[in-house]
Amino acid sequence: ASQRLKGIVSFQPVTQDGKEIELGANISSLKELDIALASGTSGVGLFRTEFLYMDRSRLPMEEEQFEVYRSVAEKLAGRPLIIRTLDIGGDKQLDYFELPEEENPFLGYRAIRICLDKPELFKTQLRAILRASAFGKVKIMYPLISSVEEVQTANSLLSDAKRELVEEGHAYDGDIEVGIMIELPAAVMIADLLAKEVDFFSIGTNDLVQFTLAVDRMNDQISHLYEPYHPAVLRMLKFTVEAAKQAGIHIGVCGEMAGDLKALPIWLALDVDELSMSPHAILPIKERLLSLTQQDSRSLFSEILTCRTSRSIHEMLASFQSMQQ
Ligand code: PEP
Ligand code: MG
């Protein structure tokens with residue numbers, strides 16, 4: 001199989017009937033970038049920057065961050081690099097940073113909430129990302145957005161960072177794109193409003209499933225209830241993509257569902273622009289993509305939308321998959 005997959009590394013990711021879709025990588029280290037590059041990645045759809053902050057004794061300086069972002073941007077040689085700002089808290093802790101003990105850390109002090117509460121910490125990262133944007137096609141993405149205000153506050157700190165860099169004579173891409181993760185039900189419901197504030201969306205299905213179903217993604221006892229193919233989740237996805245299309249902004253997906261072979265016809269039917277996944281999933285997904293059509297995917301999806309249970313959705317997706325093999 002791996003020999004067969006190697007043969008399609010340089011193929012364009014396009015269906016039989018001409019729907020092209022970017023297949024990007026989720027990376028959280030430089031090693032993963034190498035695997036992604038070897039798989040012919042379209043770019044990096046999610047650079048998880050937490051590793052720069054973890055397993056160390058102090059916050060990373062702007063210069064250290066800049067060097068890492070720049071080297072990833074350069075290695076991608078013009079392909080897009082979406083850098084997600086710090087998504088700490090929840091399950092991810094920092095040794096040097098007192099995060100409060102919380103009853104519900106996933107609903108607590110985390111991600112963009114910390115960044116907006118600690119503007120200096122946030123601005124240091126934004127400056128490093130902006131400076132790296134002079135060396136490739138860098139984009140910025142905010143995680144865990146729940147309101148228009150959060151986007152506006154983050155963007156105003158971004159403007160401050162840009163102004164400082166101009167004053168100091170640092171270069172950056174003046175057209176740098178800014179996007180948000182859609183991973184909370186609130187963000188889905190106001191997707192039309194959020195779309196007016198940003199250049200792109202990326203759906204974070206891992207958290208979106210968790211929050212839609214109120215099922216802690218880390219809790220083994222209820223893992224059978226963690227169901228990406230729940231009718232409620234599929235409606236959330238459809239609603240979000242339609243809002244992005246209506247506003248004419250780029251729409252990607254970066255949760256685990258993006259790399260799930262079973263979900264591929266759903267993304268084709270919804271007509272998303274980009275799927276970003278674990279680097280190991282890129283070639284298997286591309287191989288399947290090459291054999292599918294958007295037209296068949298659309299027929300399948302319209303039937304799936306009539307399903308009343310996750311079980312019937314699974315059955316329908318499985319029978320579609322077996323027809324492809
Ligand atoms: C997500 O929530 O789907 C996502 C991609 O982010 P993370 O898994 O890092 O929370
Ligand atoms: Mg998330």
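Before looking at helix H9, I fixed the cut-off: a residue is buried if 20 or more other C-beta atoms lie within 10 Å of its own. I also noted at the start that I am working with a predicted model.

**Entry 1: helix H9**

I looked up how far H9, residues 205-213, is covered, and I found that seven of its nine residues are buried, so the helix is largely enclosed by the rest of the structure. The buried residues I wrote down are Thr205, Asp207, Leu208, Val209, Gln210, Phe211 and Thr212. I then asked what covers the buried residues of H9. The cover includes two helices, H7 (185-189) and H10 (231-247), together with the strands E5, E6 (200-203) and E7 (250-253).

**Entry 2: the residue after H9**

I followed the chain past the end of H9 and came to Ala214, whose phi is positive, near 55°, although Ala214 is not a glycine. I placed Ala214 in the loop between H9 and H10. Is Ala214 buried or exposed? I count it as exposed, because Ala214 has 9 C-beta neighbours inside 10 Å, and the limit for an exposed residue is 12 or fewer.

I noted Asp271 under this heading too, since Asp271 has a positive phi of about 70° and is not a glycine. Asp271 sits in the loop between helix H11 (264-270) and E8. With 15 other C-beta atoms within 10 Å, Asp271 is partly exposed.

**Entry 3: the shell around ligand 1**

I listed the residues around ligand 1 and found Leu46, Arg48, Asp87, Glu183, Gly204, Thr205, Asn206, Asp207, Cys254 and Gly255. I then checked which elements give two or more residues to this shell, and these are strand E2 (44-48) and helix H9 (205-213). The largest share, three residues, comes from H9. Sorted by class, the shell around ligand 1 has two nonpolar, four polar and four charged residues.

**Entry 4: the barrel**

I traced the strands in turn and found that eight of them close into a barrel with parallel pairing, in the order E1-E2-E3-E4-E5-E6-E7-E8. From one strand to the next, the twist averages 25°. I also looked at helix H12 (residues 282-291), and I found that H12 lies across E1 and strand E8 (274-277), running at about 165° to E1.

**Entry 5: strand E2 and its partners**

I came back to E2, which gives residues to the shell around ligand 1, and I saw that four of its five residues are buried, so E2 is largely enclosed by the rest of the structure. On one side I found strand E1 (residues 22-27), which pairs with E2 in the parallel sense over three bridges, and here Asn26 has Leu46 in E2 as its bridge partner. Leu46 is also one of the residues around ligand 1.

E2 also pairs with E3, again in the parallel sense and over three bridges, and here I noted Arg84 in E3 as the bridge partner of Arg48. Arg48, too, is among the residues around ligand 1. I then followed the connections: E1, helix H2 (residues 30-38) and E2 make a right-handed β-α-β unit, and E2, helix H3 (residues 62-76) and E3 make a right-handed β-α-β unit as well.

**Entry 6: strand E4 and its partners**

How many of the six residues of strand E4 are buried? I found five, which leaves E4 (residues 137-142) mostly covered. Strand E3 (residues 80-84) pairs with E4 in the parallel sense over five bridges, and the bridge partner of Pro80 in E4 is Lys137.

Turning to strand E5 (residues 177-182), I noted that E4 and E5 run parallel and are joined by four bridges. In that pairing, Met141 has Gly179 in E5 as its bridge partner. I also recorded that E4, helix H6 (residues 148-168) and E5 make a right-handed β-α-β unit. E5 had already come up in my first entry, where this strand is included in what covers the buried residues of H9.

Conventions:
Residues are numbered from 1 along each chain as its sequence is written. Chains are lettered from A and ligands numbered from 1 in the order in which they are written. This is a predicted model: local features need pLDDT of at least 70, side-chain atom pairs count only at pLDDT 80 or more; totals for chains, interfaces and linings use all residues. A residue is near a molecule or strand if its C-beta atom, placed from the backbone, lies within 6 Å of it. Ala, Val, Leu, Ile, Met, Phe, Trp, Tyr, Cys and Pro count as nonpolar, Asp, Glu, Lys and Arg as charged, and the others, Gly among them, as polar. Two strands pair if DSSP finds at least two bridges between them. A crossover is right-handed if, with the strands pointing away from the viewer, the path from the first strand over the helix to the second runs clockwise. Axes are lines fitted to C-alpha atoms, for helices over the stretch in contact, and angles run from 0 to 180 degrees between N-to-C directions. Two residues are in contact if their C-beta atoms, placed from the backbone, lie within 7 Å.
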